Amino acid sequence: MTADPLAPLLRAAAEAVLSRPAMAGHTGGAERFAADHRAALLDMLAQSDDLRRLCRERLRIPRSRQAERDFAGLLLHADPEVRATAVRFAETADGRQADATADREIRRLRDRNKQLQERLRTATGRLDNALADMEANRQAAREAGERAERLDAELSATRRRLRDPASTASALLALLQEEPQEPEGDSRSRDPHLRREPPPAPLPSPLETAARLAEISPESFARALRALIEPPVPSATVVVSQERDLRVVPLGGGTGIGGSCLLVEAGGTRVLIDAGLVPGDPSRPPADIGRALDGPLHAVVVTHAHNDHCGYVPALTDRLPDLRIIATPETTQLMPAMWLDSVKIMDQRRRLADTWGVDTEPLYPREAVAEASRRCEELAFGVPRRIGDLTVELFPAGHILGAAGVVVRAGESRVVVTGDISGFRQESVDGYAVPESAHYADLLVMESTCCAENHRDREGTIGELVRAVEGIYARGGRVLIPAFALGRAQELALVMRSHLPHVPVLVDGMAADISRSFEAVTAAGSRPLSIFGGNVGRARPGDMDRFTRGVVISTSGMLSGGPAVRWAAKILPDPKSALFLSGYQDEESPGRRLLASARSASPHLVVDDMGEERKIPIRARVDLMRLSAHADRRGLLEIADEVSAHEVMLVHGEARRQAEFREVLRLRRHTTTGTGSWRVS
């Protein structure tokens, strides 16, 4: 130990003091000042945060002079007790005894420092846990608030619809005109398009029963309800004309997937079949929607509640106060939740853009969702509804709950629009059922998502998925299945509940909210769906850490955001676990990048979660277990054969694959047309 181990620190303190303007006239140097004002400098070091900071900046003591480094560390310590003890020792230190005392005191203070550091680590750990709990609670509160907001919006829209005679009449007519359900048989007998014989003894329809009880004819009862639904047509708006030639113009989703929109015109009537969003960041309207807005637009008929088919409808109702929205009862009840989720995402992206100084506006405001919900008209399958010069009829299209194809008639001319369609029975919905009114139509507008592939047997695909999940579960791992919130998530939950009742399953994100809607929508029907219950439950705050074994089904299906990204960050680094993608992955989606990364043994996946970049290690198994809800090549050929239209137009698919499939249709003696404007010949 040097004669004065405090000398370097006192010299640094003296230099700091002398650097102040008030000391400009002092002479003698820092060492002299330190010797003359030792006690004062020690006291100032004990009391002044600024002086200690300046000393830390100036002080440079070689590692070989440990005693001086130790004294400096103690006198500059954050704990006042440590500093006070160091000052007392410095004031009494003397000779060899002082050295021994100093050693003991330093050891004591080091021990004290270790204790304080341990207490700090403990406190930091508790703080981290508290912050994590607070963030989980904040996230839960946000999700609860969003659910409450959705429910409030749905309730408000329902109240407005109940006060609107046309909406009430529409719902009542749809209910009364539902066809009575046949008893369920095996899975083959439940595929409507495979039925060959009518039911032996059809029951009277609800409309006939209600009319009999009211002592009026069913025709009179239905006519009275239709008079409330179909508003009188002002001559300036729609003119029912003798010229009823049909014209069909794809405005979006013709040679791509997303933004589906088809303009159908006859006489003075103009109707859209679907008005969907093009997915992306941000989402976009149908490519040529401006052509629809160039003239009057009287209605939009929505085939189903996926946003790529219905997501732009609120923007239209926001601009067109008299626009009618027609869909199946299930679709009218499911669409508001999808619209509200779109508004939430658009608001989040707008706030993110604002932080970067980018000017962006949502496609429609929240208020437009309530108005669009109010204007929805329910239309049961198989029941014609008049819209000016046009009549529309919906038929079951499979795909998801409530999905419909459309038969559009103008005079003797007919167009059939499949929408998204499938012929196989799923856990949540049966396959399509083409009505007699669709046969030999002038034009069949057919989706072509999977026109280039023949799917594996569905039971085989489900069996492969079930075996893979069982294996991961047996090893003590978790399986994440990102899924589209509407349709795919519910189908997966029902598959897990049916085939793996011993494996715990959590449904998270918007998929959980839509699952509750599925249960509510089907509760009063002949085939109610129970998604939650048994081994299937809703994810709760903290489950990402607590739920260590089982299956998680979460949005979004392409890993483009939402809780699925946060689950992936927990599950992908675990070699015992797996992530199974279950549906179509857009070329630019994180899901597609994940598949490419896994196949090339890339160590990381980089995703953007609403502006926050996440770099996730990939150690878990990654695979594609596709449960498509679209008809494949064989199924589409069966539909084309069954309808036997004069011409076939392909939409909702990739141009190259459509060109190849048109050749297949030609070989099957079907006449095809391009995706430009079409007019009945």
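These legends go with a set of close-up views of a predicted model.

**View 1. Strand E15 and the two strands beside it.**
Let's start with strand E15, which covers residues 550-554. How many of the five residues of this strand are buried? Five of the five are, so E15 is largely enclosed by the rest of the structure. Strand E12 (residues 478-482) runs parallel to E15, and five bridges join the two. To find your way along that pairing, look for Leu480, whose bridge partner in E15 is Val552. Strand E13 (residues 505-508) also runs parallel to E15, this time with four bridges. Here a handy pair to look for is Asp508 and its bridge partner in E15, Ser554.

**View 2. A cis peptide bond between Thr555 and Ser556.**
Now for the peptide bond that joins Thr555 and Ser556. Most peptide bonds are trans. The one between Thr555 and Ser556 is cis, with omega at about 10 degrees. Ser556 sits in the loop that links E15 to helix H20 (563-571).

**View 3. Strands E7, E8 and E9.**
Strand E8 (residues 390-396) has a pairing partner in E7 and another in E9. With strand E7 (residues 385-387), E8 runs antiparallel, and three bridges hold the pairing together on paper. Ile387 stands opposite Leu390 of E8. Two residues lie between the strands of this E7 and E8 hairpin, where Gly388 takes a positive phi near 60 degrees. Strand E9 (residues 404-410) pairs with E8 in the antiparallel sense too, over six bridges. Glu393 marks a spot along that pairing: its bridge partner in E9 is Val407. As for cover, E8 is mostly covered, with five of its seven residues buried.

**View 4. His399, in the loop between E8 and E9.**
Follow the chain out of E8 towards E9 and you'll meet His399 in the loop. What is the sign of phi at His399? The value is positive, about 65 degrees, although this residue is not a glycine. Most residues other than glycine have a negative phi. His399 counts as buried because its relative accessible area is 4%, under the 20% cut-off.

**View 5. His652, in the loop after strand E20.**
Another histidine worth a look is His652, found in the loop between strand E20 (647-651) and helix H23 (655-667). Phi of His652 is near 55 degrees, a positive value in a residue that isn't glycine. Is His652 buried or exposed? Its relative accessibility is 3%, so His652 counts as buried.

**View 6. Asp442 and its surroundings.**
Asp442 is found in the loop between strand E10 (413-417) and strand E11 (443-447). This aspartate is buried, yet has no salt bridge. Which side chain of opposite charge is nearest to Asp442? That would be Arg414, at 5.3 Å. A salt bridge would need the charged atoms to be within 4 Å. What the side chain of Asp442 does reach is the backbone nitrogen of Arg414, at 2.7 Å. Setting aside neighbours within four places in sequence, the contacts of Asp442 include Glu412, Ser413 and Arg414. From further along the chain numbering, His646, Glu647, Trp678 and Val680 are also in contact with Asp442.

**View 7. Cysteines Cys310 and Cys261.**
A disulfide is a covalent bond between the sulfur atoms of two cysteines. Why does Cys310 not form one? The closest cysteine sulfur, in Cys376, is 9.1 Å from the sulfur of Cys310, too far for a bond. The cut-off is 2.5 Å, and by this rule the count comes to zero disulfides. Cys310 is buried, with a relative accessible area of 0%. Cys261 counts as buried as well, at 3% relative accessibility.

**View 8. Ser597 in helix H21.**
Helix H21 spans residues 590-599, and Ser597 belongs to it. With a relative accessible area of 12%, Ser597 is buried. Leaving out neighbours within four places in sequence, Ser597 is in contact with Ser602, His604 and Ile618. Val622 is 25 residues away from Ser597 along the chain, and their C-alpha atoms are separated by 9.3 Å.

**View 9. Helix H5.**
Last up is helix H5 (residues 66-75), which is mostly covered: seven of its 10 residues are buried. Which residues of H5 are buried? They are Ala67, Glu68, Asp70, Phe71, Ala72, Leu74 and Leu75.

Key:
Residues are numbered from 1 along each chain as its sequence is written. This is a predicted model: local features need pLDDT of at least 70, side-chain atom pairs count only at pLDDT 80 or more; totals for chains, interfaces and linings use all residues. Side-chain values use heavy atoms; hydrogens and water are left out. Buried means under 20% relative accessible area, exposed over 50%, partly exposed in between (1.4 Å probe, protein chains only). Lys and Arg count as positive and Asp and Glu as negative; His and the chain ends are not counted. A polar contact is a pair of N or O atoms within 3.5 Å; within protein, one must be able to donate a hydrogen and the other to accept it, and residues adjacent in sequence count only if both atoms are side-chain atoms. Contact means heavy atoms within 4.5 Å. Two strands pair if DSSP finds at least two bridges between them.
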